[in-house]
Amino acid sequence: QAEDGIRDSDMWLEFRRVLFRSIKYFYNGLNRNYVPDFYVEFINGDSYIFEMKGWETEEVLVKKNFTLKIYPNYKLFYSVEELKNFIYENYENKKNY
């Protein structure tokens with residue numbers, strides 16, 4: 001099992017937390033920072049920033065909007081199933097993920 005990450009043996013992918021620059025956002029009258037959960041790079045060169053959340057809040061949506069301005073490859077998921085579906089829909093049968 002991956003340390004501090006998610007491994008899926010069916011897809012031969014591993015997601016690890018990496019050191020990442022914090023992303024600044026403004027919420028509720030305050031400047032704030034956060035670090036995304038995962039940076040994922042597929043062997044075909046596609047890369048994404050993945051964020052996992054348990055539920056949607058106003059602050060989560062604000063963070064998403066600020067992050068998308070800087071990183072258009074940002075994806076927000078509310079479950080591991082959502083994440084798996086994204087990968088299957090975009091990379092299954094392409095043999096190059």
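**Close-ups of a predicted model**

**View A. Thr67 sits in helix α1.** Like the other views here, this one comes from a predicted model. Is Thr67 buried or exposed? Its relative accessibility is 0%, and because buried means under 20%, Thr67 counts as buried. Look for the polar contact that the Thr67 side chain makes with the side chain of Tyr34, at 2.6 Å. Leaving aside residues up to four places away in sequence, Thr67 touches Ile23, Tyr34 and Tyr74.

**View B. Helix α1 has a buried face.** Helix α1 takes in residues 58-70, which makes 13 residues. At 1.5 Å a residue the helix should span 18 Å, and its end C-alpha atoms come out 19 Å apart, which agrees. Which residues of α1 are buried? They are Val60, Val62, Lys63 and Thr67. Viewed down the axis of α1, these buried residues fall within an arc of 160 degrees, so they line one face of the helix. An α-helix has 3.6 residues a turn, so residues three or four places apart point the same way. Glu58 and Lys69, on the other side of α1, are exposed. As for what the buried residues of α1 pack against, the partners are β3 (23-27), β4 (30-34) and β7 (74-77).

**View C. Ten residues make up the largest nonpolar core.** The members are Phe38, Val40, Phe42, Tyr48, Phe50, Phe77, Leu83, Phe86, Ile87 and Tyr91. Three elements give two or more residues each to this core: β5 (38-41), β6 (47-52) and α2 (80-91). Which element supplies the largest share? That is α2, with four residues. There is also a second, separate core of nine residues, and among them are Ile23, Tyr34, Ile49 and Val60. As a general point, nonpolar side chains in soluble globular proteins tend to be buried together.

**View D. Aromatic rings meet around Tyr48.** How many aromatic pairs does a search of the whole structure find? It turns up seven. In one of them, the ring centres of Phe42 and Tyr48 are 6.1 Å apart and the planes stand at 85 degrees, so this pair is edge-to-face. Both Phe42 and Tyr48 are buried. Tyr48 also pairs with Phe86, again edge-to-face, at 5.2 Å centre to centre with 85 degrees between the planes. This second pair ties together distant parts of the chain, with Tyr48 in strand β6 and Phe86 in helix α2, 38 residues apart. Phe86 is buried, and so is Tyr48. Zoom out a little and you can pick out one aromatic cluster, formed by Phe42, Tyr48, Phe50, Phe77 and Phe86.

**View E. Asn28 has a positive phi.** Asn28 is not a glycine, yet its phi is positive, at about 55 degrees. Where is Asn28 found? Check the loop between β3 and β4. Its relative accessibility is 64%, so Asn28 counts as exposed.

**View F. Leu76 lies in strand β7.** With 14% relative accessibility, Leu76 counts as buried. What does Leu76 touch, not counting residues up to four places away in sequence? The list is Glu51, Lys53, Val60, Lys64 and Glu82. Ile49 is 27 residues from Leu76 along the chain, and their C-alpha atoms are separated by 8.4 Å.

**View G. Ser79 is in the loop between β7 and α2.** Ser79 has 28% relative accessibility and so counts as partly exposed. Not counting residues up to four places away in sequence, Ser79 touches Met52 and Lys53. The C-alpha atoms of Ser79 and Trp55 are separated by 8.9 Å, with the two residues 24 apart along the chain.

**View H. The whole protein, for orientation.** To place the close-ups, note that the protein has two helices and seven strands. Reading from the N terminus, the order of elements is β-β-β-β-β-β-α-β-α. Of the 97 residues in the protein, buried residues make up 30%. Among contacts with a separation of 6 or more, 46% are between residues 24 or more positions apart.

Key:
Residues are numbered from 1 along each chain as its sequence is written. This is a predicted model: local features need pLDDT of at least 70, side-chain atom pairs count only at pLDDT 80 or more; totals for chains, interfaces and linings use all residues. Side-chain values use heavy atoms; hydrogens and water are left out. The expected span of a helix is 1.5 Å times one less than its number of residues. Buried means under 20% relative accessible area, exposed over 50%, partly exposed in between (1.4 Å probe, protein chains only). The arc is that of the directions from the helix axis to the C-beta atoms. Contact means heavy atoms within 4.5 Å. A nonpolar core is a set of buried Ala, Val, Leu, Ile, Met, Phe, Trp, Tyr and Cys residues joined through side-chain atoms within 4.5 Å. A polar contact is a pair of N or O atoms within 3.5 Å; within protein, one must be able to donate a hydrogen and the other to accept it, and residues adjacent in sequence count only if both atoms are side-chain atoms. Rings of Phe, Tyr and Trp (its six-membered ring) pair if their centres lie within 6.5 Å; planes under 30 degrees apart count as stacked, over 60 as edge-to-face and the rest as tilted.
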